[in-house]
Amino acid sequence: MTAHEAAAPAAEHGAAPTEAAFRAVHGAAPAGIWAAPGRVNLIGEHTDYNDGFVLPLALTHTTIAAAAPRTDGILRLHSGNVDGGIVELRTDDLRPAPRDTAARSASTWGGDGRRAEGWAAYPAGVVRAMREAGLPVGGADLHFDSTVPTGAGLSSSAALEVVTALALNDLYALGLAPQRLARLAQRAENAFVGVPCGIMDQTAAACATEGHALFLDTRDLHSRQVPFDVAAQGLRLLVVDTRVKHELGDGAYAERRAGCERGARVLGVPALRDVPYAQLTDALAMLADAPDIRALVRHVVTENRRVEEVVAHLDAGDIRAIGPLLTAGHASLRDDFAVSCAELDLAVDAALAAGAVGARMTGGGFGGSAIVLVDDVQADAVDAAVTAAFAAAGHTAPRIFTAVPGPGARRLA
Ligand code: ADP
Ligand code: MG
């Protein structure tokens, strides 16, 4: 591995290079430039499909789209992050990726036998979701450039979907609110890419605001901005991209999800969100002969509680106080929900041993990224300690960068 590959991804990139690339690829000026961010989830993991709470924040790492409308119903998609040319599709003949190939190899996108690269399913899925909803969306030329690391659990997929939705919203004067764009983006990923994700990632990309985390109730989609000006309190939030993604991820996700649904059925509630924390002991007693489900239920109920406690500390202006809750959340995901892995555990343990205030895996698990809350003055030491621990264990070098709570999707030009 080269030093370049291990370098932390830079967040900043302006609109000008994307505009220039659009001109070079599509041969004319774009009608506008839009951006949508990646995200990290501060806390609230595996709660979204249990109607629970999540608390993501937008990164300053963004996906930028330059776009122009077309009158011939053709969609021409190009990405500066993917080797290969323009993917050309007809908006009136967009078909979902086959279930079994899903995101990784959705190679049969589009009609008339044309092969589309897997990545094109995300933006094309947004167009299809909008048209299915009866919205008057026609063809478009699009070019994307992104600084969101892909496949690192930082939701480059939602950034790509949401920036597409926002661009089309403006190009075709749809007048849709950010929350609606998030729903259409989720529909694109669920129905057309074939990934059964919840609503968190797309909502974060569409609705986040600078200096805040987004407290989202995934049952009624009510959301509230919670202050998270981490730098102002002498703290830093580090993201540790472990650079691994273990294969068992997809099946394990479906298994956990089914287990949670079974737990809710046994407990006689619509979703695990409806088990109050105060009744956890009773609920666990009812599951005494199903230890696997018991552990899943314990995670979800305590995790929802942790989200509420973190929000209370942030509302009170005390970011440092959330550290132990982050760390407790990691233990719960590792021991009860069993979705961590050696690299994530090592990142968390090494960071805490080097003086971090709190640390946890973030995202679905089995790889991806961890987050570390650390005093500004300790940040370099923690970074070095995690890097050294990975080297000593023989793991690929992690990529570590500072998460700055940035704005949600927006028009740049
Ligand atoms: P994550 O959302 O955590 O980054 P996913 O597997 O959900 O991981 O999504 C990553 C996929 O999204 C990539 O493999 C690629 O197909 C697509 N993607 C994301 N960003 C871009 C981009 N800028 N250009 C092309 N494809 C992208
Ligand atoms: Mg994703």
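**Helix packing and a ligand site**

Author: Let's start with α9 and α10: α9 passes α10 in a left-handed crossing. Keep in mind that this is a predicted model.

Reader: Okay, and what's the angle between α9 and α10?

Author: About 165°, and the axes are 10 Å apart. Here α9 covers residues 291–315 and α10 covers residues 323–335.

Reader: So are they roughly parallel or roughly antiparallel?

Author: Roughly antiparallel, because angles over 145 degrees count that way.

Reader: Which residues make the contact?

Author: From α9 you have H299, T302, E303, R306, E309, V310 and H313. On the α10 side there are L325, A328, G329, S332 and L333.

Reader: How many of those are nonpolar, polar and charged?

Author: Four are nonpolar, five polar and three charged.

Reader: Switching topic: what's around ligand 1?

Author: There are 15 residues surrounding ligand 1, and the closest are S79, N81, G151, S156 and S157.

Reader: What does G151 do there, in terms of atoms and distance?

Author: A polar backbone atom of G151 sits 2.8 Å from an oxygen atom of ligand 1. G153 also has a backbone N or O atom at 3.2 Å from a ligand oxygen.

Reader: And how far is the side chain of S157 from ligand 1?

Author: An N or O atom in the S157 side chain is 2.9 Å from an oxygen atom of ligand 1.

Reader: Which helix is S157 in, and how does that helix pack with α3?

Author: S157 falls in α4, which spans residues 156–171. Helix α3, residues 121–132, packs with α4 at about 45°, with the axes 9 Å apart. The two are therefore oblique to each other, and α3 passes α4 in a right-handed crossing.

Reader: Who's touching whom there?

Author: Y122, P123, V126, V127 and M130 come from α3, while α4 brings S157, L160, E161, T164, A165 and L168. By class, that contact has eight nonpolar, two polar and one charged residues.

Reader: What about α4 and α5, what's their angle?

Author: About 125°, with axes 9 Å apart, and α5 runs over residues 178–193. That makes α4 oblique to α5. The crossing of α4 past α5 is right-handed.

Reader: Which residues of α4 and α5 are in contact?

Author: On α4 they are S157, A158, E161, V162, A165, L166 and N169, and on α5 they are L181, A185 and E189. By class, six are nonpolar, two polar and two charged. So S157 turns up in the contact with α3, in the contact with α5 and among the residues closest to ligand 1.

Methods: Residues are numbered from 1 along each chain as its sequence is written. Chains are lettered from A and ligands numbered from 1 in the order in which they are written. This is a predicted model: local features need pLDDT of at least 70, side-chain atom pairs count only at pLDDT 80 or more; totals for chains, interfaces and linings use all residues. Side-chain values use heavy atoms; hydrogens and water are left out. Axes are lines fitted to C-alpha atoms, for helices over the stretch in contact, and angles run from 0 to 180 degrees between N-to-C directions. Helices (H or I, at least four residues) and strands (E, at least two) are DSSP runs, numbered from the N terminus. Angles under 35 degrees count as roughly parallel, over 145 as roughly antiparallel, 65 to 115 as roughly perpendicular and the rest as oblique. A crossing is left-handed if the near helix is turned anticlockwise from the far one by less than a right angle, and right-handed if clockwise. Contact means heavy atoms within 4.5 Å. Ala, Val, Leu, Ile, Met, Phe, Trp, Tyr, Cys and Pro count as nonpolar, Asp, Glu, Lys and Arg as charged, and the others, Gly among them, as polar. A residue is near a molecule or strand if one of its heavy atoms lies within 4 Å of it. A polar contact is a pair of N or O atoms within 3.5 Å; within protein, one must be able to donate a hydrogen and the other to accept it, and residues adjacent in sequence count only if both atoms are side-chain atoms.
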